[in-house]
Amino acid sequence: MAKVISISDKIKPKIKFEKARKGKKPIVSDESQLGLFNDDIKVVDILAIKRPFEIALSLEDSEPDKAIEYYTKAVEAGNFPADAFCNMGILYYNRNESERAIDCFKEALKVNPSHFEAHFNIANLYFDMGNYEPAKVHYEIASGLQPDFPNTYYNLGLLLAMDNDI
């Protein structure tokens, strides 16, 4: 027989956010490939061009404020806007601006309602704030979007235990 151990209210989850497009190579659009056939532009020049999203990714650790600026430019340019909002949300959370972080995750979901990272991250943030019901909803949606991601189930299980929903 299993023994159920009560989880204290003092225990806080260790929140690890998922960065959107982390480790993925940037997608080159057809527009940039058109320049390959122009004699005035060299292939090396085209490969050196970075879009705002990729610039923001490279700045996150060293200059987070500048990264937010480039993520904003990426949103305005339509350059992975859901991913940009999602990653901005993480940066705002790291600056202890939880409300702005939630707004960014919500904007990501407006752009792409099935954005896994946005659902997972907003669930983590709600969980960290003690808002268990919306956290549970977003964890459940995230588990449906990427059923093989174990952290979703772990966090959902911890949330249910802390909410005494054994």
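How many residues does α5 have, and what span does α5 reach from its first C-alpha to its last? In this predicted model, helix α5 comprises 14 residues and extends 20 Å between its terminal C-alpha atoms, close to the 20 Å expected at 1.5 Å a residue.

Helix α5 is mostly covered, with twelve of its 14 residues buried. The buried set consists of Ala82, Asp83, Ala84, Phe85, Cys86, Asn87, Met88, Gly89, Ile90, Leu91, Tyr92 and Tyr93. These buried residues of α5 pack against four helices, namely α3 (52–59), α4, α6 and α7 (116–129).

Two loop residues with positive phi were examined alongside this helix. Phe80 lies in the loop between α4 (64–77) and α5 (81–94). Although Phe80 is not a glycine, its phi is positive, at about 50°. Phe80 counts as buried because its relative accessibility is 16%, which falls under the 20% cut-off.

Asn96 is located in the loop between α5 and α6 (98–111), and its positive phi occurs just after α5. The phi of Asn96 is about 65°, and Asn96 too is not a glycine. With a relative accessible area of 71%, Asn96 is exposed, since exposure is assigned over 50%. The two loop residues thus stand on opposite sides of the accessibility classes: Phe80 is buried, whereas Asn96 is exposed.

Methods: Residues numbered from 1 in each chain as written. Predicted model: local features only at pLDDT ≥ 70, side-chain atom pairs only at ≥ 80, totals over all residues. Heavy atoms only, no water. Buried < 20%, exposed > 50% of the residue type's maximum accessible area, 1.4 Å probe, protein only. Expected span 1.5 Å × (residues − 1). Contact = heavy atoms within 4.5 Å.
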